[in-house]
Amino acid sequence: MAALPESKPTPMMAQYLALREEAGDALLFYRMGDFFELFFEDARTAAAVLDIALTTRGEHGGAPIPMCGVPVHSAEGYLARLIKAGCRVAIAEQVETPGEAKERAKREGTPSSKALVGRAIVRLVTAGTLTEEALLEPRRANMLAALAELRGAIGVAAVDVSTGAMVLEECTPENLGAVLARLAPSEVVVPEDWAPKDLGVPEDAILRPRTGFASDAGVARLCAVHGVATLDAFGTFTRAMLGAAGGLIAYLDHVGRGSLPLLLPPVARSSAGTMAMDAATRGSLEILESAQGGRAGSLIGAVDRCVTGAGSRLLAEDLSAPLLDTAMIEARLALVQFWRDRPIERASLRDALRSIPDLGRALGRVVAGRGSPRDLGQLRDGLTEAARLHHWLAGAPDAPALLVDVVGKLTGHGALTDGLARALVPSPPTERGSGGFIADGYDASLDELRGASGDARRAIAAMEARYREETGINSLKIRHNGVLGYFIEVSARHADRLMAADSGFTHRQTMKDAVRFNSLTLHAEATRIAEAGGHALACEEAHFETLVAAVVDAREIIAQTAAALARLDVGAGNAERAGEADWCRPQVLDEACLEITAGRHPVVEAALARTGERFVANDCALAPDNRLWLIGGPNMGGKSTFLRQNALIVLLAQAGCFVPASTARIGLVDRLFSRVGAADNLARGRSTFMVEMVETAAILAQATPRSFVILDEVGRGTSTYDGLALAWAVAEAVHSQIACRCLFATHYHELARLAETCEALSLHHVRAREWQGDLVLLHELAKGPADRSYGLAVARLAGVPANVVARAKAVLTKLEATREATGGIAAGLGDLPLFANLRDPEPTPPAGPEHQLAEALKAADLDALTPREALDLLYEWKRALPR
C-alpha cells in the first residue's frame with residue numbers, strides 16, 4: 001500500500017491513521033455513524049471493486065482525501081464482493097458511546113465538546129474465516145489451513161470455521177500438493193520463514209510469526225480451547241500436527257481480536273486412510289468444479305441430490321477423499337442400499353431433511369459471538385426435527401450399522417429445545433437490537449415492561465385526540481423520530497395557536513411546511529416509554545446471553561447431531577441418484593482388479609439425457625495378467641470419455657456411492673492419476689508439453705502397483721519421433737516397473753508392437769466407420785488395434801475446407817508410401833529390449849568400420865612392429881574405410 005502523506009492530522013484522522021497502520025494489508029472499514037468509510041488507497045481499491053462512487057473529504061498533506069463508504073446495514077454484501085476479489089477487510093467499530101466518550105474526556109481533562117468516540121479493530125474478515133450466512137456458499141465448505149514443517153515432515157491443520165470441524169494430519173513434502181488439493185482451502189497460513197518451496201503452497205499464503213507454530217504452543221492452545229489438561233482423549237497427534245494447530249489457532253485469535261470461533265475437538269487423519277490424488281488429477285476429472293468453473297459440468301454437479309447444504313458439503317468431502325478401508329466403504333454403501341430399497345420412506349426422509357436449517361453453521365455463528373435470535377430459532381427447530389427423526393428411525397428393521405450409529409446421535413437435546421421453545425417467538429428476527437424475540441409469558445417482569453410501554457403508547461394516542469379537541473386543530477399529530485423522540489406537529493398556518501405563551505406547548509423545530517412542539521405531559525409519557533422500552537431491551541438481551549450460553553455448553557453434541565443429519569442426507573441423496581439412472585452397488589475388494597460392465601460417464605450421460613440422446617456404455621476388465629489397455633481410434637471417438645468414466649467409477653465406489661454401471665468389481669486403488677488433457681501454464685512459464693511431462697513424471701515417481709492410471713496422448717506435444725519414443729518408454733515403465741492398472745489412449749499405431757513384448761498389455765480401439773463419405777463414430781470399445789486414425793475424416797467433420805482436406809489426403813498418400821518402403825518410423829523397435837532389461841545408461845557403440853579399426857588398433861602390438869610392417873598396416877586400415 002502506498003505511503004500516506006505526512007502532515008499534522010485532525011484527531012479523527014489521527015485515530016484513523018493509527019487503525020490503518022494496525023490493519024496492515026487489509027482494507028479498513030472505519031465506522032462513522034451508519035456507514036463504514038474507507039479513505040486514501042483503500043477507498044480507491046474498494047470503489048473499483050464495488051463499482052461505487054469515489055468522492056473526497058477534507059484535506060491531508062495539502063491534497064484532498066479520497067473517500068467512499070457503504071451502509072452498515074448492507075455491509076455483508078459489499079464484504080462478500082471484496083473477499084471474492086481477494087481482499088482482506090479490517091472492521092473498526094465504535095467501542096464506546098458518545099456519553100462514555102464525554103465522561104472519558106472529562107477524566108482526561110479534555111473539553112467534552114471535542115471528545116472523539118473510541119474505535120478499535122474488532123475483527124479481520126478474511127476468505128478463510130467467514131461465518132456469516134450471506135458470505136458463504138451453502139453447499140461448499142470454507143476451509144482454512146495452516147502448515148508447519150518439523151524434521152522433514154509437514155503438519156497440516158485444517159478447519160471449516162463456519163462449523164468448527166478441525167482435522168490434523170501429517171504428510172511428506174512431496175505429498176503436500178495432493179493434501180492441499182484435497183482440502184482446497186480458501187486461505188493457507190504458514191510461518192514467516194517458510195522454507196519448503198514449490199510444494200503446491202499458494203503464493204498468497206499468509207505469513208505469521210514462527211513462534212506461533214511451536215508444537216508445545218499448539219498443545220497449550222488446544223488444551224485451553226477445549227478446557228482439558230491433556231489431548232489424550234482426542235487421539236494421537238505428531239509434533240508437526242500440533243505445530244500446525246498452534247499456528248492455526250494463533251491466526252484465528254489474531255483475526256478475531258481475542259475472540260475464537262467454534263472449534264470442535266481435533267480429529268487425526270492418516271494420509272494412508274484415503275485415496276491420494278494430486279491437483280492435476282482433480283482438475284482433469286473435474287470432481288468439485290468443472291474446467292469452466294462452478295458446479296455445473298462437474299462430478300458433484302451430476303451426483304449431488306442432497307436436500308441440505310450440510311449434506312452437499314459432506315458429499316464433497318467424501319468425493320475429495322475416497323476411502324481405503326473396505327469396511328468403512330461397505331458401511332456407506334449399505335446405508336445407500338437401505339434407502340435405495342425404500343423409495344417411499346426415502347421420500348419422507350428427504351422432505352423432513354429439506355425443512356431442517358443448517359445447524360452446523362447456525363451453531364458456528366452463535367459460538368463465534370455473531371449469532372442472532374434467528375440462529376437460536378434455527379437450532380430450536382432443527383434439533384426438534386432431529387428428535388422426531390430419531391423417534392421414527394430408531395429400531396428400524398434391517399437397519400445397517402451406520403444408520404443405527406447416525407440415528408443414535410439425533411437425540412439428547414430435550415432440555416435445550418424445551419428452553420428455546422419457551423423463550424423464543426415462533427419466528428425470531430435476524431437482529432436483536434430492537435427486541436421482540438422473547439415470547440410473551442416467558443418472563444413476567446418483561447411482560448410488565450412491555451405492558452407499561454404499551455400503556456404509554458395508548459396514552460399518547462389518547463393525548464393526541466385530546467390535543468386536537470383542545471386546540472381545534474384536526475390535523476395535529478404526535479410523531480416520533482430518532483433525533484427528537486416524540487413531538488407534536490402541526491401545519492405552519494396553525495402554528496400561531498401553539499406559539500402563545502400560555503398554550504402549554506414549547507416550540508422545538510420549524511420545517512418548511514410544519515412546526516414541531518413539545519409539552520410537559522408528552523415529555524413525561526415519552527420518558528416512561530423510553531425507560532420501559534430500554535428496560536425491556538436490556539431484559540431481552542440478558543435472556544439472549546443466557547440462551548447462547550446454554551447452546552455453547554452443548555456445542556459438541558449439537559455438532560454431532562448436525563453431522564448425523566448430513567450423513568443421512570448423503571445416504572438418501574446417493575440412493576435417489578442411483579434410482580434415477582439405475583446405478584449399481586459396487587463390490588470393493590482388496591485385490592488388483594477392475595471389472596466394470598456397461599460403465600458410463602455420469603456427467604456426459606446426464607448432459608446427453610437433457611438432449612434426449614443415449615450414452616453408449618462400455619465394459620472394462622483389468623486384471624494382473626491384463627492390467628494395461630492400449631486404446632486407439634479417432635478423435636471424438638470416446639477414448640478420453642472412456643478413460644475418465646472408469647476413473648470416476650473407481651472414485652465414486654471408494655467414496656461409498658453407487659456407480660453408473662450394470663456391475664462393478666473394483667480392487668482398492670491407493671492413488672489415482674489422470675493425465676488427460678493439458679493447457680499452457682503461462683504464469684509459471686510452462687508450455688502444454690512441459691505441463692504434460694511434469695504430470696507424467698509425477699505418475700512415474702509416485703504410482704504403486706495398487707494405483708490406477710489413465711493416460712491420454714502422451715507425447716503429442718513434440719515431434720513425432722520424440723513423442724513416439726516417450727510414449728513407448730512411458731508405456732513400458734507403467735507395464736514393467738510400476739505394474740499398476742492403466743488405461744493408455746494413443747494415436748501412435750506403432751505402440752501396438754508393445755503387445756509382442758509386454759505380456760500384461762492388450763490392444764483395444766474405439767470403433768468408427770465411414771459411410772458414403774461421412775464418418776460415423778460408434779463410441780464402442782472393441783478388442784484389437786485401430787485399423788486407422790480417421791484424422792482426415794474428423795477434420796472434414798469439424799468443417800475444415802474441402803481443398804485443405806484434399807491436399808492433406810495427397811500428402812498422407814505420399815507419407816504412407818514412404819512408410820511402407822522403409823518399414824515405418826517404428827522399424828527396428830521390435831528388437832529393442834524391454835524397459836526393465838535396460839541396464840547400461842551409456843549407448844552401445846555401433847559395429848561399423850570405424851569400430852572395427854578401433855578394435856584392430858587396440859589389438860596391435862606397436863612395440864613389436866617394424867617400420868615396414870607399421871606402414872603396411874596403415875595402408876590396410878585405409879583400404880577398409882568406406883569411400
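Student: Why is β6 described as largely enclosed by the rest of the structure?

Tutor: The general idea is to ask how many residues of an element are buried, where buried means under 20% relative accessible area. In this predicted model, five of the seven residues of β6 are buried, so the strand is largely enclosed by the rest of the structure.

Student: Which way do β5 and β6 run, and how many bridges join them?

Tutor: To read a pair of strands, look at their direction and at the bridges between them. Here β5 and β6 run antiparallel and are joined by six bridges, and one pair you can look for is V89 with its bridge partner in β6, V125.

Student: Which elements each supply at least two residues to the lining of the second largest pocket?

Tutor: A pocket can be read through its space, its lining and the kinds of residue found there. The space in the second largest pocket is about 1,100 Å³, and β5 (89-94) and β6 (119-125) each supply at least two residues of its lining, as do α3 (75-84) and α14 (373-393). The lining has 28 residues, and those nearest the centre of the pocket are E76, R123, E132, R370 and E431.

Student: How many residues of that lining are nonpolar, polar and charged?

Tutor: The lining divides into twelve charged, nine nonpolar and seven polar residues.

Student: Is helix α5 enclosed or open, and which of its residues are buried?

Tutor: The reasoning used for β6 serves again: six of the eight residues of α5 (residues 176-183) are buried, so this helix is largely enclosed by the rest of the structure. The buried residues are L176, A178, V179, L180, R182 and L183, and what covers them includes the strands β7 (143-150), β8 (153-160), β9 (165-171) and β12 (267-269), together with the helices α8 (279-285) and α10 (309-320). Just after α5 comes A184, whose phi is positive, near 45 degrees.

Student: Which residues touch the most other members of the largest nonpolar core?

Tutor: A core is read by its members and by the contacts among them. The largest nonpolar core has 105 residues, and L319, W339, L376, F708 and L743 touch the most other members. Helix α20 (residues 555-581) gives the most to this core, with eleven residues. A second, separate core has 43 residues, including A23, A146, L231 and Y251.

Student: Is A806 buried, partly exposed or exposed?

Tutor: A806, which is found in helix α26 (residues 802-822), is partly exposed, with a relative accessible area of 47%.

Technical notes:
Residues numbered from 1 in each chain as written. Predicted model: local features only at pLDDT ≥ 70, side-chain atom pairs only at ≥ 80, totals over all residues. Heavy atoms only, no water. 1 Å grid on protein atoms, 1.4 Å probe; cavity = no way out; pocket = protein on both sides within 12 Å on 5 of 7 lines; lining within 4 Å. Points joined across faces, edges and corners; volume = space filled by probe spheres on them. Helix = DSSP H or I, 4+ residues; strand = E, 2+ residues; numbered from the N terminus. Nonpolar A, V, L, I, M, F, W, Y, C, P; charged D, E, K, R; others polar. Buried < 20%, exposed > 50% of the residue type's maximum accessible area, 1.4 Å probe, protein only. Pairing = 2+ DSSP bridges. Core = buried A, V, L, I, M, F, W, Y, C linked by side-chain atoms within 4.5 Å. Contact = heavy atoms within 4.5 Å.
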